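Open the model in your viewer and keep the selection panel at hand. The stops below go from helix pairs to the whole chain.

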Amino acid sequence: MTARRRDAGPPQPGASERETLAGFLDYLRDAVAAKVAGVPEPQVRTAGVASGTNLLGLVKHLTHVERWYFLGERTRDWRRTMRPSAEETVDGVLAGYRDAVAQANAVIAACTDLTQPAHRGPAPSMRWVLAHMIEETARHAGHADILREQIDGATGR
């Protein structure tokens, strides 16, 4: 059986540059989280491709990316961010992602000048980080689309 989700669509035109960029990023974040929701163990952490990429690992990785770019939290081993441990649950990883997104959104909302660094210390501009995070999240949303379809045929956002 093939399930299809209704796509809510990206943000509408007419908002400020910051609101537009943040809106597209939130749209993609929601798509990634939705791909993991409802996937049972062990399929949610089972590699769907030779590289070992799996749905839960994508969300864990994106959590670290959000924390790195918006909050300035360092990550020692990026490869490990793609591999959830046996102790990590779907609910826990999703809650961590949503928490990172909420904190990142607070940083974005407080930004009045997109040319300023995204967080304290040396960092790219908020404009660059928003553009990069749209690209990063979209890339992994595409991976999640394929992995989810392989698991149970579900398509759409």
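Axes here are lines fitted to C-alpha atoms, for helices over the stretch in contact, and angles run from 0 to 180 degrees between N-to-C directions. This is a predicted model.

**Stop 1: α2 and α4**

Select residues 55–71, helix α2, together with α4. Their axes lie 10 Å apart, and the packing angle is about 175°. Angles over 145 degrees count as roughly antiparallel, so α2 is roughly antiparallel to α4. Colour the contact of α2 with α4 by class: 14 residues are nonpolar, 5 polar and 3 charged.

**Stop 2: α1 and α4**

Keep α4, residues 126–152, and add helix α1, residues 17–36. The two pack at about 25°, with 9 Å between their axes. The cut-off for roughly parallel is under 35 degrees, so α1 and α4 are roughly parallel. The crossing of α1 past α4 is left-handed.

Now show side chains. On α1, pick E17, L21, F24, L25, L28, R29, V32, A34, K35 and V36. On α4, the partners include R127, L130, M133, I134, T137 and A138. Further contact residues of α4 are A141, A144, D145 and R148. By class, this contact of α1 with α4 holds 13 nonpolar, 1 polar and 6 charged residues.

**Stop 3: α1 and α3**

Hide α4 and bring in helix α3, residues 90–110. How do the axes of α1 and α3 cross? They come within 11 Å and cross at roughly 180°. With that angle, α1 is roughly antiparallel to α3.

Select R18, A22, D26, R29, A33 and V36 on α1. Facing them on α3 are V90, L94, Y97, R98, V101, A104, N105, I108 and A109. The contact of α1 with α3 counts 10 nonpolar, 1 polar and 4 charged residues. R29 and V36 appear in this contact, and R29 and V36 also belong to the contact with α4.

**Stop 4: the whole chain**

Show everything. The protein has 4 helices and 0 strands. From the N terminus the order is α-α-α-α. The radius of gyration is 16 Å, close to the 15 Å from the globule rule for 157 residues, so the protein is as compact as a globular protein of that length. Along the principal axes, the C-alpha trace spans about 45 × 40 × 25 Å.

**Stop 5: confidence**

Colour by pLDDT. The average is 91, and 94% of the residues score at least 70. Then select residues 1–5, where pLDDT is below 50. Beyond near neighbours in sequence, this stretch has 14 contacts in the model. Where pLDDT is low, the predicted coordinates should not be read in detail.

Terms used: Residues numbered from 1 in each chain as written. Predicted model: local features only at pLDDT ≥ 70, side-chain atom pairs only at ≥ 80, totals over all residues. Heavy atoms only, no water. pLDDT = per-residue confidence, 0-100. Contact = heavy atoms within 4.5 Å. Parallel < 35°, antiparallel > 145°, perpendicular 65-115°, else oblique. Left-handed = near helix turned anticlockwise from the far one by under 90°. Nonpolar A, V, L, I, M, F, W, Y, C, P; charged D, E, K, R; others polar. Rg over C-alpha atoms; globule rule 2.2 N^0.38 Å.
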